[in-house]
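Thanks, everyone. I'll put the structure up and walk through it residue by residue. Stop me if I go too fast.

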Amino acid sequence: MRFRKFASVVLASAVVSGYVSAHHSFSAEFDANQPITVTGIVTNVEWTNPHVWFYINVKDETTSAVTNWGAEMGPTHGLQRSGWRRDTLKIGESVTVSGFLARNGENRINARTVTLTATGLRHGQTLDANSSAGPAD
């Protein structure tokens with residue numbers, strides 16, 4: 001009986017420590033001193049916890065090279081409270097993302113706001129991304 005209780009405690013500790021180490025703080029991954037804004041075409045949306053990620057193809061105006069960028073938003077429940085839905089971002093639509101650049105130089109952004117730039121009823125609509133950097137001003 002003692003062994004089962006001990007094993008349960010060890011397993012619970014491993015699960016909790018794994019979750020804590022998998023989750024990150026804003027300042028560990030992103031740099032608040034490096035704001036960035038990019039516009040591109042949505043290629044993928046990962047509506048999962050602990051953070052929603054979406055990816056956009058950004059075309060360099062000088063070289064015409066296309067680079068895929070990842071943008072991290074807040075958790076699904078926080079986004080839903082702000083009016084987001086699983087289908088708010090659609091593959092193939094144009095968006096502008098403002099946020100902060102990844103510390104490691106990768107093409108990743110901690111999104112603060114997402115502006116829907118595609119034509120149609122939602123053109124120009126800006127949504128708060130509920131990022132770990134805090135609410136957008």
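Start at Val-97. Leaving aside residues up to four places away in sequence, Val-97 touches Ile-36, Thr-37, Val-38, Phe-54, Ile-56, Ala-71, Ile-109, Ala-111 and Thr-113. Keep in mind that this is a predicted model.

Now the core around that residue. The largest nonpolar core has 23 residues. Val-97 is among the members that touch the most others, together with Phe-54, Ile-56, Met-73 and Val-95. Which strands supply this core with at least two residues each? Strand E1 (30–46), strand E2 (53–59), strand E3 (66–72), E4 and E5 do. E5 gives the most, with 4 residues. As a general point, nonpolar side chains in soluble globular proteins tend to be buried together.

There is a second core, separate from that one. It has 5 residues, including Phe-30, Trp-53, Phe-100 and Ala-102.

Let me stay with Trp-53. Is Trp-53 buried or exposed? Its relative accessibility is 15%, under the 20% cut-off, so Trp-53 counts as buried. How many aromatic pairs does the structure hold? It holds 1. The partners are Trp-53 and Tyr-55. Their ring centres are 6.3 Å apart and the planes sit at 20°, so the pair is stacked. Tyr-55 has a relative accessible area of 22%, so that residue is partly exposed.

Next, the strand pairing. E1 pairs with E4 in the antiparallel sense, over 8 bridges. One example: Gly-40 has Val-95 as its bridge partner in E4. You met Val-95 a moment ago, in the largest nonpolar core. E1 also pairs with E2, again antiparallel, over 5 bridges. Here Asn-44 has Tyr-55 as its bridge partner in E2. That is the Tyr-55 of the stacked pair.

E1 and E2 form a hairpin, with 6 residues between them. Look at that loop. Pro-50 is found there. The peptide bond from Asn-49 to Pro-50 is cis, with omega near 10°. For context, most peptide bonds are trans, and most residues other than glycine have a negative phi. His-51 is in this loop too. Is His-51 buried or exposed? Its relative accessible area is 8%, so His-51 is buried. A polar atom of the His-51 side chain lies 3.1 Å from the backbone oxygen of Met-73. And Met-73 is one of those well-connected members of the largest core.

Another loop, this time between E2 and E3. Ser-64 lies there. Phi of Ser-64 is near 65°, a positive value in a residue other than glycine. Ser-64 has a relative accessible area of 45%, so it is partly exposed.

Now the loop between strand E4 (94–102) and E5. Asn-104 lies in it. What does the side chain of Asn-104 reach? The backbone nitrogen of Glu-106, at 3.0 Å. Asn-104 is partly exposed, with a relative accessible area of 47%. Ala-28 is 76 residues away from Asn-104 in sequence, yet the C-alpha atoms are 9.9 Å apart.

On to Arg-108, in strand E5 (residues 108–116). This arginine is buried, with a relative accessible area of 16%. Who touches Arg-108? Glu-29, Phe-30, Trp-53, Trp-69, Gly-70, Phe-100, Leu-101 and Ala-102, again leaving out residues up to four places away in sequence. Compare that list with the second core: Phe-30, Trp-53, Phe-100 and Ala-102 belong to that core. Phe-30 is 78 residues from Arg-108 in sequence, but 8.6 Å away in space, C-alpha to C-alpha.

Let me step back to the whole protein. The secondary structure comes to 3 helices and 6 strands. Along the sequence, the pattern is α-α-β-β-β-α-β-β-β. Of the 137 residues, 36% count as buried. Take contacts between residues at least 6 apart in sequence: 52% of them join residues at least 24 apart. The accessible surface comes to about 8300 Å². Carbon and sulfur atoms account for 56% of that.

To close, three residues to click on. Val-97, for its contacts in the largest core. His-51, for the polar atom 3.1 Å from the Met-73 backbone oxygen. And Arg-108, buried in E5. That's my slot. Over to you.

Note on methods: Residues numbered from 1 in each chain as written. Predicted model: local features only at pLDDT ≥ 70, side-chain atom pairs only at ≥ 80, totals over all residues. Heavy atoms only, no water. Buried < 20%, exposed > 50% of the residue type's maximum accessible area, 1.4 Å probe, protein only. Contact = heavy atoms within 4.5 Å. Polar contact = N/O pair within 3.5 Å; in protein donor to acceptor, adjacent residues only side chain to side chain. Phe/Tyr/Trp six-rings, centres within 6.5 Å; stacked < 30°, edge-to-face > 60°. Core = buried A, V, L, I, M, F, W, Y, C linked by side-chain atoms within 4.5 Å. Pairing = 2+ DSSP bridges. Areas by Shrake-Rupley, 256 points an atom, 1.4 Å probe, with all protein chains shown as cover.
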